[in-house]
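Welcome! Please take a moment with the sequence and the fold before reading on.

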Amino acid sequence: MVRIMGIVGSPRKEGNTENLIKEALKAAGDIGAEIELVRLGSAEIEPCVACDICKATGECAIYDDMGEILEKMVKADGFIIGSPVYFGNVTSQLKMLMDRSRPLRMDFKLKNKVGGAIATGGSRNGGQETTIAAIHEFLLIQDAIVVGDGAPMAHYGGTGVGATAEDEIGLQTSQNLGKRVAELAIKLS
C-alpha cells in the first residue's frame, strides 16, 4: 500500500487550504492509498539559520517538529502540498519546511516520489498559479515527480477560491490531484 501525505501550509486550522487537502487525500484513499495529514500551522518549526551543519552531518541542527515531519516525508510515496496565497507565494510555514528540507536533498531522499500542489486564493486568479509554481519548484529541486490534476481539467493542481467547501472547481481539481498522485505512486511501487 502506498502512503500519501497531505501537507497543509496554512497557519489556519480547518481553513480553505486544509479543506482541499482533505478532499485530495480522500480521493487518494478511495483508490487504496494510506493517507496522513500534517498541519504546519500547529507544528513548532524554526527557520533555517544557514549554519551548514546539515551539509556535514546530513541532519538539521535545529531540534523541533521538523525532524519528525522530514522522517514522514521520507517514508511517504507521495505528497499533496497546499498553501494559501500570500503575496503571490507560499506561506512562511511552508517556506520554512522547504528551507529546512535541505538534509533530504543531500542524498535526494525524495527522488521519484510523486508530488502535487494545491493553492487557495481570495479570487479565482489570486496568485494560485504562482503559489503552485513555488511548490512545484521545491518538488523538482528535490527530484520528485510533479503531477497536475489531470484530465478533464488539466490544471497545475488544485486551485481553490474563497470558501472552498462551495467551490466546485477547487473541489474537483483537488480531488483529481489526489487521485493522480495516488495512481502514479501505485504504478511506481
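What follows is a short tour of two helices and a few backbone details.

This is a predicted model, in which local features need pLDDT of at least 70 and side-chain atom pairs count only at pLDDT 80 or more, while totals for chains, interfaces and linings use all residues. Residues are numbered from 1 along each chain as its sequence is written, and side-chain values use heavy atoms, with hydrogens and water left out.

Let us begin with helix H7, residues 168-188 (helices are DSSP runs of H or I with at least four residues, strands are runs of E with at least two, and both are numbered from the N terminus). Its 21 residues reach 30 Å from the first C-alpha to the last, close to the 30 Å expected at 1.5 Å a residue (the expected span is 1.5 Å times one less than the number of residues). Among the buried residues of H7 are Leu 171, Leu 177 and Val 181 (buried means under 20% relative accessible area, exposed over 50%, and partly exposed in between, with a 1.4 Å probe and protein chains only). The cover over the buried residues of H7 includes strands S1, S3, S4 and S6 as well as helix H1.

How do two packed helices get described? By the angle between their axes and the distance between the axes. H1 and H7 pack at about 45°, with axes 7 Å apart (axes are lines fitted to C-alpha atoms, for helices over the stretch in contact, and angles run from 0 to 180 degrees between N-to-C directions). H1 is therefore oblique to H7 (under 35 degrees is roughly parallel, over 145 roughly antiparallel, 65 to 115 roughly perpendicular, and the rest oblique). The contact (heavy atoms within 4.5 Å) includes Leu 20 and Ala 24 of H1 and Gly 178 and Ala 182 of H7.

Just before H7, Asp 167 sits in the loop between S6 and H7. Asp 167 is buried, at 7% relative accessible area.

Next comes helix H6, residues 128-141, with 14 residues whose end C-alpha atoms are 20 Å apart, in agreement with the expected 20 Å. Its buried residues, including Ile 132 and Phe 138, pack against H3, S3, H4, S4, S5 and S6.

Finally, the backbone. Most residues other than glycine have a negative phi, and most peptide bonds are trans. Here are some residues with positive phi.

| Residue | Phi | Place |
|---|---|---|
| Phe 87 | near 50° | loop between S3 and H4 |
| Asn 112 | about 65° | loop between H5 and S4 |
| Asp 143 | near 70° | follows H6 |

Phe 87 is exposed, at 91% relative accessibility, whereas Asn 112 is partly exposed, at 47%. The peptide bond from Ala 151 to Pro 152 is cis, with omega near 10°.
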